[in-house]
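Please look through the sequence and the structure shown below. The paragraphs that follow lead through the model step by step.

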Amino acid sequence: MNSSLSCKRGVARRRRCKMQCVELGHRYLLDQYDAPDDTQAQILQFMMRVGKNYPFNNSAHPGTNCQEVIRALIHRIHYLQLQIPCQENHQIVNLLRECLLLFERRAAIRHGLLPPIDHREDIENEPTCPTCGHINFVCNCTPPENTQ
Ligand SMILES: [Zn+2]
């Protein structure tokens, strides 16, 4: 498919439209700005797992999760706030934190755990499980066997 045909804005552009999905739900090409080569893009790849909890997935590969991308956005907005402070940056960070909380609430409910209710001031800094990626009090992973 010609990417210019899938541009929902209908604006003719020399470059491709914004974000393109190249692997449904898992891999995306993100537009890159100020690059000397117009064809360059950045790849955002989410982890793909197989099993009963992952319908439609036929293979597995590493990648990140949505929460980690949100943490990067929050960090970047903090930096942008240092450059040019504004109230909108505070609102953006608060909404991103709310998104993080919703991801963790969703995971807790799916795992039969008590969902976090409080909107933590710095939920993006909560320690996360290296296996599932959820914040520790939402993690439902089996702890590693004692090797003593
Ligand atoms: Zn875990």
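The largest nonpolar core in this predicted model consists of 5 residues, namely Ala107, Ala108, Ile135, Val138 and Cys139. In soluble globular proteins, nonpolar side chains tend to be buried together. Buried residues account for 9% of the 148 residues in the chain. One member of the core, Ala108, can be followed further: apart from its neighbours within four places in sequence, Ala108 is in contact with Leu113, Leu114, Pro115, Pro116 and Val138. Of these partners, Val138 also belongs to the core.

The core may now be set in the context of the whole chain. The chain contains 2 helices and 3 strands, and from the N terminus on these elements follow the order β-β-β-α-α. Among the contacts in the chain with a separation of 6 or more, 21% join residues that are 24 or more positions apart.

The two helices deserve separate attention. Two packed helices are described by the angle between their axes and the distance between the axes. Helix 1 comprises residues 66-83 and helix 2 comprises residues 87-110; their axes come within 10 Å and cross at roughly 165°. Angles over 145 degrees count as roughly antiparallel, and helix 1 and helix 2 are therefore roughly antiparallel to each other. Their crossing is left-handed.

Which residues of helix 1 and helix 2 meet? On the side of helix 1 they are Cys66, Gln67, Ile70, Leu73, Ile74, Ile77, Leu80 and Gln81, and on the side of helix 2 they are Asn89, Ile92, Val93, Leu96, Arg97, Cys99, Leu100 and Phe103. The residues of this contact divide into 12 nonpolar, 3 polar and 1 charged.

Glu88 also lies in helix 2. Is Glu88 buried or exposed? A residue is exposed if 12 or fewer other C-beta atoms lie within 10 Å of its own; Glu88 has 11 such neighbours and therefore counts as exposed. Glu88 and Ile77 are 11 residues apart along the chain, and their C-alpha atoms are separated by 9.9 Å. Ile77 is one of the helix 1 residues that meet helix 2.

The last stop is Pro127, which is placed in the segment after helix 2. Pro127 has 9 other C-beta atoms within 10 Å and is therefore exposed. Not counting residues up to four places away in sequence, Pro127 touches Ile135 and Asn136, and Ile135 is one of the core residues. Pro127 and Phe137 are 10 residues apart in sequence, with a C-alpha to C-alpha distance of 9.0 Å in space.

Technical notes. Residues are numbered from 1 along each chain as its sequence is written. This is a predicted model: local features need pLDDT of at least 70, side-chain atom pairs count only at pLDDT 80 or more; totals for chains, interfaces and linings use all residues. Helices (H or I, at least four residues) and strands (E, at least two) are DSSP runs, numbered from the N terminus. A residue is buried if 20 or more other C-beta atoms lie within 10 Å of its own, exposed if 12 or fewer, and partly exposed in between; C-beta atoms are placed from the backbone. Two residues are in contact if their C-beta atoms, placed from the backbone, lie within 7 Å. A nonpolar core is a set of buried Ala, Val, Leu, Ile, Met, Phe, Trp, Tyr and Cys residues joined through C-beta atoms within 7 Å. Axes are lines fitted to C-alpha atoms, for helices over the stretch in contact, and angles run from 0 to 180 degrees between N-to-C directions. Angles under 35 degrees count as roughly parallel, over 145 as roughly antiparallel, 65 to 115 as roughly perpendicular and the rest as oblique. A crossing is left-handed if the near helix is turned anticlockwise from the far one by less than a right angle, and right-handed if clockwise. Ala, Val, Leu, Ile, Met, Phe, Trp, Tyr, Cys and Pro count as nonpolar, Asp, Glu, Lys and Arg as charged, and the others, Gly among them, as polar.
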